[in-house]
Structures are given as C-alpha cells and as structure tokens.
Amino acid sequence: MQALEQDDDEDFYPSSDGRPIAEGDVHLTEMLYLIPALKGRYREMPDVYVAGNLLLYFRRGDRTARLAPDVFVVKGVPKRMRKSYLLWKEGQAPCFVIEVTSESTRDEDIGMKRDRYEQMGVEEFFLHDPLEEYLSPPLQGYRLKDGRYRRISPEPDGSLLSWTTGLRLSREGEHLRLVELGAGKPLPSFQEIREENRRLDEEIARLRRELESR
C-alpha cells in the first residue's frame, strides 16, 4: 500500500529533465504566447487544464517513462497547480498537444512523441516549425481516427482546424495565431499578452507602494 501511495505522489517523480525549455528565442516566444493564450480562453472553465513544458508521466512507478509536451490542453480534470502530470492518477490524457519543433527535437517530435501521443489517446497533435527549416508545410496536424493518427487536411489558406478546442491555427510570420471558429475572434496576440502582463506588473507595484506608505 505504501509503495502504491508513493507511486501516486508527484514528489516521487522529478519535475525537471534538465533540458532547456526552448532551443532559441523564436521557439520560446511561441510557447510564451500559446500557453497564456489558451489559459485565457479556458479561464472560466474549472475542469480544463492548460500547461506547457510540464513533465507528463505515463507509466506508474517508472520515472523514465515521461514526455514534456510544449503546449497541451486536458479536459475533465481540475484546474490546479501541478509539479508534473501523472496520467494514471489524473485518468485523462490531453486532448490537444502542440510541439514547437526545432533542430534538436524534430526527430523526437515526429517519431517517438507522435507514436506515444497516439498510444495515449491524444485526440489532436500539431507540429509547428516556426523557422520553416524542417517541416513542409511548416504547420502540420494529426487527428485520431479508429485509434490511429491521420493527417489533418489544411484549409485553402494553409490553416488547420482543431475540433477539440474549436480553434483555427494559422501562421502569421514565424508564429501561430489562434482564432475561435464560431465567432472568428482571434485570441490575444503575443504583443497583447505581453502588454497586459506589463500593465499587471505596474498595478501590483502601485498597490505595493500604497500598502507600504500606510
């Protein structure tokens, strides 16, 4: 019983694999946009969890059986802070994954990760090569059908539709832009998110100064 409890404890599993978050500025910027944009979209939904570069363990008790999706969405689990994602404990695989592929990760992203996501039952898996160095086209997607991944056919403009999130994924320069399918409303851009974060930092600093003056 004690061993099983330990196997379900997040502290039993390392929260870092020692690898860098992203290969370069473009890849990091992409992740810093996609994660908060998706978090904002699902802010009012308590049973939708959005994360990125978080270790996902898929075999109970095995600290080497892990992946670190760049961006992922899980429906049907509580929205809370996690050190890592234990698949057997949560009972729900991600429904949506994006890998921002690079020279150092492309073989893993296209090969091992894609196969593992397919086995886990990740409904939709997207690959984006922001610098257009390795993938042609640079934005690709897969959707499960009868337990196997099938390529998602691009729209005439090259964008891809995500059924699990109700979003259109399209390229704007080197980066992705996410647009709601029903309303046609784009999620905030990276610049808009950065400006909002700056505004919040300034507001927090102002409130701290007021408290200190009192």
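## A guided tour of the predicted chain

Strand β2 (residues 56-57) is a convenient place to begin: β2 and β5 pair in the parallel sense over 2 bridges, where two strands pair if DSSP finds at least two bridges between them. Helices (H or I, at least four residues) and strands (E, at least two) are DSSP runs, numbered from the N terminus.

Before moving on, note that this is a predicted model, in which local features need pLDDT of at least 70 and side-chain atom pairs count only at pLDDT 80 or more, while totals for chains, interfaces and linings use all residues. Residues are numbered from 1 along each chain as its sequence is written, and side-chain values use heavy atoms, with hydrogens and water left out.

**Stop 1: the sheet around β2.** Select Y57, which stands opposite L86 in β5. Then display the open sheet of 3 strands, whose order is β3-β2-β5 and whose pairing is mixed. Its edge strands are β3 (66-67) and β5 (85-86), each of which pairs on one side only. Strands of a sheet pair through backbone hydrogen bonds, either parallel or antiparallel.

**Stop 2: the whole chain.** Zoom out to show 5 helices and 12 strands. Of the 214 residues in the chain, 42% are buried; buried means under 20% relative accessible area, exposed over 50%, and partly exposed in between (1.4 Å probe, protein chains only). The accessible surface of the chain comes to about 12000 Å², and 48% of this belongs to carbon and sulfur atoms. Accessible areas come from the Shrake-Rupley method with a 1.4 Å probe; for residues, only the protein chains shown count as cover. Contact means heavy atoms within 4.5 Å. Among contacts between residues at least 6 apart in sequence, 58% join residues at least 24 apart.

**Stop 3: the nonpolar cores.** Select L34, L38, V73, F96, I98, L169 and L178, which touch the most other members of the largest nonpolar core, a set of 24 residues. Such a core is a set of buried Ala, Val, Leu, Ile, Met, Phe, Trp, Tyr and Cys residues joined through side-chain atoms within 4.5 Å. The elements that give two or more residues to this largest core are α2, β1 (48-51), β4 (71-75), β6 (96-100), β11 (167-172) and β12 (175-180). Helix α2 supplies the largest share, 6 residues. Now centre on V73: leaving aside residues up to four places away in sequence, V73 touches L38, Y42, V48, Y49, V50, P94, C95 and F96. Apart from the largest core lies another, of 22 residues, with F58, F72, V77 and A93 among them.

**Stop 4: Y33.** Follow helix α2 (residues 25-41) to Y33. Y33 counts as buried because its relative accessibility is 3%. Add E192 to the selection: the two residues are 159 apart in sequence, yet their C-alpha atoms are 9.5 Å apart in space.

**Stop 5: backbone exceptions in the loops.** Most residues other than glycine have a negative phi, and most peptide bonds are trans. Go to the loop between β7 (124-128) and β8 (139-145), where P137 is placed. The peptide bond from S136 to P137 is cis, with omega near 0 degrees. E132 also lies in the loop between β7 and β8. E132 is not a glycine, but has a positive phi of about 55 degrees. E132 is exposed, with a relative accessible area of 51%. Finish at D146, in the loop between β8 and β9 (148-151). D146 has a positive phi near 55 degrees, again in a residue other than glycine, and is exposed at a relative accessible area of 76%.
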